[in-house]
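Biologist: I've got a chain open on my screen and I'd like to understand how it is packed. Can you walk me through it?

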Amino acid sequence: MRGSARAPIGWGSGHVTGVTARSLGLNMYIRWLFQLSQLQQPRRAAFLKHIQCKHQGARHWTHSGGGPYRAVIFDMGGVLIPSPGRVAAEWELQNDIPPGTILQAFISGGEKGPWMKFMRGEITTEDFLQQFGRLCSEISKTSVPVGSFFSLLTSEQVAKQFPVMTEAITQIRAKGLRTAVLSNNFYLPNGKSFLPLDRKQFDVVVESCLEGVCKPDPRIYKLCLERLGLLPSESIFLDDLGPNLKAAASLGIHTIQVDDPETAVKELETRLGFTLRMIVPNTCPMRKTMDIPRGSLEKYLKDLLGTQSTGPLELLQFDHGQSNPTYYIRLANHQLVLRKKPPGTLLPSSHAVEREFRVIGTPFYLMEYCPGLIYRDPSLPGLEPTQRRAIYTAMNRVLCKIHSVDLKATGLEDYTKHGDYIPHQVQTWIKHYRASETSTIPAMERLIQWLPHHLPRQQKTTLVHGDFRLDNLLFHPEKAEVLAVLDWELSTLGDPLVDVASSCLAHYLPSSFPGSLLRGFSDCDFTQLGIPTAEEYFRMYCLHSGIPPTENWNFYMAFSFFRMAAILQGVYKRSLTGQASFVDTEQSGKLPEFMSNLAWDFAIKEGFRVFKEMPATKPSTRSYHTQAGHSPCRAPQA
């Protein structure tokens with residue numbers, strides 16, 4: 001296909017993304033990595049290598065002259081989206097069609113062939129499929145269901161813009177350059193042209209089926225330049241076919257041949273003189289103690305994704321997430337997030353990333369990278385009061401949706417054992433704390449005695465996130481919409497009110513709280529900020545969920561702070577050996593006691609609540625350990 005002296009096949013030969021979703025339990029809320037279907041067969045590899053080698057043409061068409069660039073012109077297939085040639089190769093293998101059938105039919109007949117006439121808008125989709133189907137059957141000596149191929153070619157699953165190109169276009173326009181798409185395309189059965197792109201990305205859109213002329217006809221290039229209002233030397237054209245590039249270069253247009261979108265963007269960066277990559281927020285170079293074997297990871301990902309990219313794997317570490325190191329990965333056109341267990345000896349059942357996904361070797365899981373906003377500061381500085389309230393309302397509603405997941409329909413009935421969730425959780429976190437204990441913390445000792453004797457009665461069992469907080473949510477950058485929920489390692493089936501209490505921890509922590517794991521805003525004016533108080537947030541949850549408010553809210557807060565204290569104690573102990581992701585060891589050593597004091601404050605409140613509800617003539621038979629003393633750092637009254 002590349003560099004062929006015959007008629008062009010339309011939108012070129014880029015990458016195929018035929019992927020299938022794999023159900024992983026929590027797929028309603030986690031953007032899982034899609035895996036390629038099992039097409040890694042020897043004949044697939046041999047055929048793709050054959051068409052790549054056969055059609056290698058001249059790599060770069062150049063012209064004399066220079067001057068500053070003012071526009072970038074993009075072909076569509078093979079540059080912005082997967083090309084029909086590559087999609088056809090995969091489809092033929094899946095449907096036992098002789099390799100090369102579709103490709104040969106593309107170029108058969110040259111300018112008068114059905115494919116070229118279709119792209120000039122001279123025949124309807126129905127006529128094209130009839131003519132193209134007969135041609136493919138003649139070539140292959142068998143019946144070829146071209147309607148199936150056409151459906152795949154134009155499906156949303158396949159016709160997706162490569163993220164690396166989306167980023168590049170954004171950066172190009174941000175620098176004040178103009179952009180255009182110059183595509184050999186066709187009409188769909190509904191009468192609309194096939195252009196599965198956001199037209200707002202481009203100043204000029206030139207489509208062959210609307211203009212009645214296709215590349216490499218010089219007239220279509222001149223039309224594009226005329227609409228841009230530029231000279232040929234002021235633009236760069238990206239295409240994956242040699243004849244199309246040669247025609248552009250003969251007019252004086254600078255060109256780049258696209259074999260791989262990732263590599264092409266790097267070359268475009270060199271030509272333009274500025275980066276076309278968006279800076280990935282909240283990332284930094286990898287810490288030495290958190291490094292992972294890049295070579296084996298790159299090989300695994302290339303095998304998994306079928307990526308032929310020659311570009312290196314890009315690896316950064318997120319500074320968010322203390323318990324399990326999290327990494328940003330860019331490989332070819334794929335942007336992924338990898339989350340793994342920390343190195344060294346770990347507590348039993350902690351850091352359970354395999355709850356989300358486990359592949360060969362060390363437990364870790366991969367997700368598709370989802371751009372968005374993470375609000376680290378719960379006071380949401382820089383937003384208006386109405387915006388802040390909308391953010392917390394969206395957070396509340398998503399939590400309700402998690403708790404309303406149909407466990408049977410989603411296959412999560414056996415995710416964990418049902419019943420005795422709170423007693424089990426209390427004992428689990430006591431064990432975790434004991435395993436990471438470095439010194440005696442009086443409030444933790446009191447809580448370890450108090451919690452097992454004041455367990456609430458669980459009203460219902462739902463999917464529980466386990467660490468539901470504002471900074472574990474990914475929001476849309478322009479509206480109060482949650483795009484993804486992160487950090488499911490503590491997920492289980494249990495009491496949903498634990499999640500509600502966990503999402504209110506920040507309400508009782510001061511803004512000066514010395515920890516990067518969790519921030520607070522108890523010293524802020526909630527009314528002025530427009531943020532619901534913890535009580536208002538809890539009532540909002542009850543309203544959205546259709547349940548009555550619980551009376552023992554203070555127990556849930558006590559348990560949540562106790563659990564956070566145990567988690568922070570584990571972080572501190574790992575920091576002593578360099579296992580924690582991003583920790584100030586000296587500060588982190590003080591945080592478990594701070595948290596446990598807050599937990600004990602809520603335990604005292606719960607004790608007073610129960611005491612007040614008892615008949616005056618009936619003395620209490622419980623011990624609330626109030627003689628143990630109060631915390632010097634008091635939480636706001638609930």
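Biologist: Which residues does phenylalanine 562 touch, not counting residues up to four places away in sequence?

Modeller: Keep in mind that this is a predicted model, where local features need pLDDT of at least 70, side-chain atom pairs count only at pLDDT 80 or more, and totals for chains, interfaces and linings use all residues. Residues are numbered from 1 along each chain as its sequence is written, and side-chain values use heavy atoms, with hydrogens and water left out. Contact means heavy atoms within 4.5 Å. On that basis, Phe562 touches Val426, Trp429, Ile430, Met444, Leu447, Ile448, Leu451 and Ala599.

Biologist: Which helix gives the largest share of the largest nonpolar core?

Modeller: A nonpolar core is a set of buried (under 20% relative accessible area, 1.4 Å probe, protein chains only) Ala, Val, Leu, Ile, Met, Phe, Trp, Tyr and Cys residues joined through side-chain atoms within 4.5 Å. The largest one has 80 residues, and Phe562 is among those with the most contacts inside it. Helices are DSSP runs of H or I, at least four residues, and strands are runs of E, at least two, numbered from the N terminus. With 14 residues, the top contributor is helix α19.

Biologist: Which strands stand at the edges of the five-strand open sheet?

Modeller: Two strands pair if DSSP finds at least two bridges between them. The order here is β5-β4-β3-β6-β7, with parallel pairing. Two strands have a single partner each, so one side of each lacks a neighbour in the sheet: β5 and β7.

Methods:
Buried < 20%, exposed > 50% of the residue type's maximum accessible area, 1.4 Å probe, protein only.
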